[in-house]
Structures are given as structure tokens and as C-alpha cells.
Amino acid sequence: MVYVGIPKGQADQEEEVLKTIHDGDSDELTIKRFTESREKPGALWHIYAAKDTEKIREFLKKVAEEQGQENPVDHDPIHDQSWYLDRALRKRLHQEYGVQGWAIVQFLGDVVFIPAGAPHQVHNLYSCIKVAEDFVSPEHVKHCFWLTQEFRYLSHTHTNHEDKLQVKNVIYHAVKDAVGILRANESSLSRP
């Protein structure tokens with residue numbers, strides 16, 4: 001989080017942000033960070049375990065049906081980013097599916113790492129600028145391939161249809177760099 005713009009002279013907005021942080025199931029240390037340390041909160045994140053993705057997807061489809069919304073085959077309630085799980089929906093998700101996430105308030109200067117495939121949502125508390133960087137660790141290549149396959153089933157007009165992770169390109173360049181380093185050090189590697 002590189003910038004948080006807090007409007008001057010709007011005390012009521014500060015109270016609203018505190019209420020949002022509290023309703024977001026944030027812990028007491030996070031709330032103290034805002035109220036006592038006077039740090040600048042930029043965003044409230046809810047991050048869920050990747051293993052719970054199908055349960056969350058099923059839950060969102062169920063809620064959509066209850067509200068009379070369609071669930072087209074070439075759309076995905078997670079990748080569509082059309083839902084925000086408020087406190088009531090988060091509570092229901094926990095009660096009906098046993099899924100509970102982590103609430104993280106990102107303050108100015110904080111970094112938030114999201115594990116591969118972890119469903120997440122973000123609520124900006126103030127005007128803020130976040131710098132995002134996708135990366136693929138060797139431990140998560142398999143999961144990244146799975147996500148790429150998931151994107152392919154979305155409609156061609158869907159914003160997430162393309163392979164944003166570029167997993168095959170990342171692997172190609174990683175292997176190419178590794179081979180280059182091995183070749184450059186070939187003589188020192190063959191010594192006993």
C-alpha cells in the first residue's frame with residue numbers, strides 16, 4: 001500500500017471506517033493500530049484458503065439462486081467478482097459450509113501476500129493506491145496451471161478469460177535461465 005488519502009475534516013468518515021473494520025471481523029490489535037497508533041488503513045481484505053474454493057463457489061451459486069439470479073455455465077461467481085461477502089454472508093458461509101477466512105486490514109506501507117488460488121475480496125476504506133505483483137513459486141506451479149484451466153471455461157468476453165499468470169512463459173524463462181547458469185558454470189560443476 002503506497003498511498004492512503006484521508007480527507008481532512010471528515011470525522012464521520014473515520015467512524016465509518018472504524019465500524020467497517022470492526023464489522024469486517026478484524027482483531028483487537030488491528031483496531032488499536034487504527035485508533036491508538038493513528039496509522040492509515042487503506043483496505044480491508046478477506047482471504048480464504050484455496051482448498052475452500054469449491055465450497056465458496058457452491059455457496060455463492062446458492063445465494064444467487066435464492067435471489068432469483070441466473071448461474072450461466074460460462075460464468076463463475078468467484079472470477080466474476082460480482083459478490084462481496086458482508087458480515088451476514090460470511091457468517092452464513094461459516095455456519096453452512098464450515099468456511100472461515102482471515103480478515104486483514106492493510107495499512108499504509110503494508111504488504112499482503114495472497115496464496116495461489118486463494119479466493120479473496122477487498123474493500124477500500126479510503127482512496128488508496130496498491131501495487132500488485134503476480135508471481136509463481138515452484139511449489140504452486142501445479143495450482144497455477146489449474147487456475148489457468150479454470151479461466152478457459154469462462155465466456156470469451158469475460159475479463160478473466162485470458163491467462164494473466166502466463167504460467168507457461170514463466171516456466172519457460174525459469175528453465176532457460178537455469179540452463180544458462182548451468183552452462184556458464186559447466187566446467188566448475190564437472191570437477192570432483
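Is Arg57 buried or exposed? Arg57 turns out to be buried, with a relative accessible area of 6%. Keep in mind that you're looking at a predicted model. Below is a quick tour of its salt bridges, one of its helices and its sheet.

**Salt bridge inside helix 3**

- Let's stay with Arg57 for a moment: it forms a salt bridge with Glu54, and the closest N and O atoms are 2.3 Å apart.
- Both Glu54 and Arg57 belong to helix 3 (residues 53–66), where they sit 3 residues apart, or about one turn of the helix.
- Here's a handy rule: an α-helix has 3.6 residues a turn, so residues three or four places apart point the same way.
- Glu54 counts as partly exposed, because its relative accessibility is 46%, while Arg57 has 6% and is buried.

**Salt bridges between distant parts of the chain**

- Searching the whole structure turns up 12 salt bridges.
- As background, side chains of opposite charge can pair when their charged atoms come close.
- One salt bridge brings together the side chains of Asp23 and Arg87, at 3.2 Å from N to O.
- That pair links distant parts of the chain, since Asp23 is in helix 1 (residues 11–23) and Arg87 is in helix 4 (residues 87–97), 64 residues apart.
- Asp23 and Arg87 are both partly exposed: Asp23 has 24% relative accessibility, and Arg87 has a relative accessible area of 39%.
- Another salt bridge joins Arg90 to Asp25, again with 3.2 Å between the closest N and O atoms.
- Arg90 lies in helix 4 and Asp25 in the loop between helix 1 and helix 2 (28–35), so this pair ties together parts that are 65 residues apart in sequence.
- The two partners sit in unlike surroundings: Arg90 is buried at 9% relative accessibility, whereas Asp25 is partly exposed at 41%.
- Through shared partners, salt bridges join Lys19, Asp23, Asp25, Arg87 and Arg90 into one network.

**The two sides of helix 2**

- Which residues of helix 2 are buried? Thr30, Ile31 and Phe34 are.
- These three cover an arc of only 100° around the axis, so they end up on the same side of helix 2.
- Flip to the other side of helix 2 and you'll find Glu28 and Leu29, which are exposed.
- Asp27 caps the N-terminal end of helix 2, with a side-chain oxygen 3.0 Å from the backbone nitrogen of Leu29.

**The sheet**

- Now for the strands: 3 of them make an open sheet in the order 3-2-4, with antiparallel pairing.
- Strand 3 and strand 4 are at the edges with a single partner strand each, so one side of each has no neighbour in the sheet.
- Going from one strand to the next, the twist averages 20°.
- In strand 2 (residues 41–47), 7 of the 7 residues are buried, so the strand is largely enclosed by the rest of the structure.
- Strand 2 and strand 3 (residues 102–107) run antiparallel and are joined by 6 bridges.
- To spot this pairing, look for His46, whose bridge partner in strand 3 is Ala103, and for Ala43, which stands opposite Gln106.
- Strand 2 also pairs with strand 4 (residues 120–124), in the antiparallel sense and over 5 bridges.
- Over in strand 4, Val122 is the bridge partner of Trp45.

Definitions and conventions. Residues are numbered from 1 along each chain as its sequence is written. This is a predicted model: local features need pLDDT of at least 70, side-chain atom pairs count only at pLDDT 80 or more; totals for chains, interfaces and linings use all residues. Side-chain values use heavy atoms; hydrogens and water are left out. A salt bridge is a side-chain nitrogen of Lys or Arg within 4 Å of a carboxyl oxygen of Asp or Glu. Helices (H or I, at least four residues) and strands (E, at least two) are DSSP runs, numbered from the N terminus. Buried means under 20% relative accessible area, exposed over 50%, partly exposed in between (1.4 Å probe, protein chains only). The arc is that of the directions from the helix axis to the C-beta atoms. A polar contact is a pair of N or O atoms within 3.5 Å; within protein, one must be able to donate a hydrogen and the other to accept it, and residues adjacent in sequence count only if both atoms are side-chain atoms. Two strands pair if DSSP finds at least two bridges between them. Axes are lines fitted to C-alpha atoms, for helices over the stretch in contact, and angles run from 0 to 180 degrees between N-to-C directions.
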